[in-house]
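Let's take a walk through this structure together, one neighbourhood at a time. Have the sequence and the 3D view ready, and pause wherever you like.

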Amino acid sequence: MSTAAISPDKSFGRTLKEWIFTIDHKRIGVLYLIGSLAAFAVAGLMAMLIRIELGSVGPTITNPNTYNTWLYFHGAAMILAFQIPALTGFLANYLVPLMIGAKDMAFPRLNALSLWLFWAGIIVALLTFVIPDSPDIMWTGYPPYSLRTGGNTALYVFTVHLMGFSSIVGGINLITTIMYMRAPGMTWRKLNIFVWSTLGAFILQLIFIPVLAAAVTMLLFDKYIGTHFFDPSAGGDVLLYQNLFWFYSHPAVYVILLPTMGMIFEITATFAKNRVFNYKMVVYGGIGGVVLLSGEVWIHHLFTSGMPDWIRMGMMVSTLMISIPVGLLMIGLIGTLYRAAIEYTTPMLYAVGFIFLFLIGGLTGIPNAMTAIDLAIHDTHFVVGHFHYVMAVSTTFAIFGSVYYLFPKMTGKMYNETLGKLGFLISFIGVNITFFTMMVVGIKGMPRRYFDYQQFAHLEGLHHIVTIGAFIIGIGAAVVLISWIHGLVAGRKAVDNPWSSKSVEWMTKTPPPPGNFHPIPRLSEDWHPYGYGN
Amino acid sequence: MIGKFVNGAGLSLIMLATGSPAFAYKEGRSPGEIPDIPGGWQHLFHELLIDITVIGVIFAAITIYFLIKYRRRQPGQEGRPPKLSPAAAIGWAVIPAFIFMADDLYLAAESWTLFNEIRTVPENAYEVKLEGAMWSWNFKYPDGVETTNELRVPAGTPIVVRMTSRDVIHSFFIPDFKVKEDLMPGRITYVWFYPKDPGEYLITCAEYCGVIHSSMRGTIIAMQKDEFNKWIEAEKKASMEGGA
């Protein structure tokens, strides 16, 4: 958000036009952020409604049809329209050119294309609430249900297409930018962890998105054109879809995890004023290891789907092996705190919160990875609790922490620390009450995607707790939003480098002018983004 | 200094960890004995809970210690990061990697044993056919008797259910027996369980299958063998009379 945009000598219409036709990566990043936060708000509202419905046994506020639409929208929007765009859209777009000392992205117009494809995707997704036959196929869209339902499967397919296309365009752009636009002196060994992790995430996107696009296109053809890819009565196979879907959607978890981790490293190093512990181990072992293993584990989503026993065993071992690169990332992260000088600002609190949430989320993944254990807990609330810890909440904490971290850079103003810390504290308490209890519910046998639970009526007390926790999260999110609005309206002016960071994005003005650096920085031999304590 | 410590301590940890599968060795079962799947599951799950709690507590304790000890004491203070020698840097990557891998392989081996028991149907198991549909469980007994949403079985006999689906994917889940397997059109899957004593057990659908997915449930009624035989004879008679 450059100051020019809010200067008084321009009319509102002109400013709007400037933003819509912008090819500046910072504005594109901000527009990504606005879109993904809008998706987060609507999908979060769905989560609240879902929790009210599950708060007590029997129909509470709605009917199963509407409930299933809420579930569909919550899952699809949170993953496709909030997490992936906030991380690989907003953060990657805003930060990567600044971090590597570039003027802009390699292909600024392509960048605008990927932004508006994303917005088109958001609008198509929101049509869910307008059309009478809203999709009710969950974010996974498994056939044959997605083919037989009266719900609008095409809407789901088009949302995935638009978001996928947007990511592919963005991926080509980001990878090219990182490879060719680095400032003089910015060698591969001095790349920020976030840049490395974004590179890893986009390599995964480019390899795997086409598979998802193919899978949902086959779904579209089966339902509306009359092909039989997934119809066993005509020689098709229902499991083909699940294999194709998870061949993308498991790596998608790492598309989300990698930039999340990257941002947590940036925040931690900045506020701990410390060098990243064992940088090479983090990059090659952690990020590289995740990228290499990501495509070999998808069968763990199909452990109960009648796959041959031998592949369930093989993929159990490869899934457990994911703990190696992820463990190395954690060692790098915690090691960065060793002999540090930690300042507890709001972004740092989110990073610290992330460590604990991710620890719980990561370790509760192990029971799911072990096939014999998973046969009982697959598709139960345990899995829901686990992936909310490891994916939903950890990632959202990283995104919120990053927005606070970049708040002065983006707006030129400081947020209020007290409000920021309060929002963090409420959210942190809320997520633990909600998702830990959810895992207990799952261990006791309750499957996921249930509208009602007559057969598990004895779990009503636990469900009450989950619902109360969800409301605490809602209050926390509201405080976070208030703190941002407060910062925008009443924040005091920020200096160029409020966090005294050594990373390149803080070397330019706050907020950065069009073209970012005048001139492009020349980085000296002994410069390092984490060169603290020399 | 760090490198030396890491080598010494790390090596012994690796030996301890990689040697640990030896402790997992179990006494063989006498032939014909039916494995106790829910018991084995509980045992493994508790073992796993200890494993992940120990790892979690170690990581969390170190983090909390660092967070308190290394807080900033005066403005402008910077960290004093340790200088890692190449050997120490490699050691900090390779040794933890080996420890994680050893734990992974240990857990995988444990899970493998139990999984094989879950997937190996005991000899002379009583076989029932199941067709899932939106939204009912339709059972078919060897002698032609059919039931819906109610599976009566003889207690003390392993039961194998061969399953398929009429329409969409469902998942046959018996929480008490810790087993679950999907039912799919065009494919036949199986699951087996062993109701030792008479009693009632819940069946519930675990794969989203449409509007009333959450109401797709049934009951397993394990009966004394002679009672079960009486029941199935009566059912056979009734269905024959009904058909005539």
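**A guided tour of strands, charges and rings**

Strands S6 (residues 170-174) and S7 of chain B run antiparallel and are joined by five bridges. Before going further, please keep in mind that this is a predicted model. Within the S6 and S7 pairing, Phe173(B) has Lys180(B) of S7(B) as its bridge partner. The two strands form a hairpin with four residues between them, and there Lys178(B) takes a positive phi near 60°. Is strand S7 of chain B enclosed or open? Five of the five residues of S7(B), residues 179-183, are buried, so the strand is largely enclosed by the rest of the structure.

Chain B also has an open sheet, and its five strands come in the order S3-S2-S1-S5-S8, with mixed pairing. Strand S3 (146-148) and strand S8 (189-193) stand at the edges of this sheet; each has a single partner strand, so one side of each is left without a neighbour in the sheet. From one strand to the next, the twist averages 25°. In general, the strands of a sheet pair through backbone hydrogen bonds, and they can do so in parallel or antiparallel fashion. Here, S5 (residues 159-165) and S8(B) are antiparallel, with five bridges joining them. If you look along this pairing, you will find Ile159(B) opposite Phe193(B) in S8(B). You can also spot Arg162(B), whose charged end sits over the ring of Tyr190(B), 5.3 Å from the ring centre.

Now let's turn to charges. Side chains of opposite charge can pair when their charged atoms come close. How many salt bridges does the structure hold over all chains? The count is 16. One of them joins Asp309(A) to Arg312(A), with the closest N and O atoms 3.7 Å apart. Both residues belong to helix H10 (residues 309-321) of chain A, and they are three residues apart, about one turn of the helix. Their surroundings are worth a look: Asp309(A) counts as partly exposed at 27% relative accessibility, while Arg312(A) is buried, with a relative accessible area of 0%. These two residues are also part of a network of salt bridges that links them with Arg119(B) and Glu181(B).

Another salt bridge in chain A brings together the side chains of Arg448(A) and Asp379(A), at 3.6 Å from N to O. This pair links distant parts of the chain, 69 residues apart: Arg448(A) lies in the loop between helices H16 (417-443) and H17 (460-490), and Asp379(A) in the loop between helices H14 (371-377) and H15 (381-411). Both of these residues are buried. Over in chain B, Glu150(B) and Arg152(B) form a salt bridge whose closest N and O atoms are 2.9 Å apart, and Glu150(B) counts as partly exposed at 29% relative accessibility.

Our last stop is the aromatic rings, with 52 aromatic pairs over all chains. In one of these pairs, the rings of Phe245(A) and Trp246(A) have centres 5.0 Å apart and planes at 90°, so the pair is edge-to-face. Phe245(A) and Trp246(A) are both buried. Phe228(B) and Trp231(B) make a tilted pair, 5.9 Å centre to centre with 35° between the planes. They lie three residues apart in helix H4 (residues 225-243) of chain B, about one turn of the helix, and both are buried. Finally, back in chain A, the charged end of Arg27(A) sits over the ring of Trp19(A), 4.8 Å from its centre.

Notes. Residues are numbered from 1 along each chain as its sequence is written. Chains are lettered from A and ligands numbered from 1 in the order in which they are written. This is a predicted model: local features need pLDDT of at least 70, side-chain atom pairs count only at pLDDT 80 or more; totals for chains, interfaces and linings use all residues. Side-chain values use heavy atoms; hydrogens and water are left out. Buried means under 20% relative accessible area, exposed over 50%, partly exposed in between (1.4 Å probe, protein chains only). Two strands pair if DSSP finds at least two bridges between them. A salt bridge is a side-chain nitrogen of Lys or Arg within 4 Å of a carboxyl oxygen of Asp or Glu. Axes are lines fitted to C-alpha atoms, for helices over the stretch in contact, and angles run from 0 to 180 degrees between N-to-C directions. Rings of Phe, Tyr and Trp (its six-membered ring) pair if their centres lie within 6.5 Å; planes under 30 degrees apart count as stacked, over 60 as edge-to-face and the rest as tilted. A charge sits over a ring if NZ of Lys or CZ of Arg is within 6 Å of the ring centre and within 35 degrees of the ring normal.
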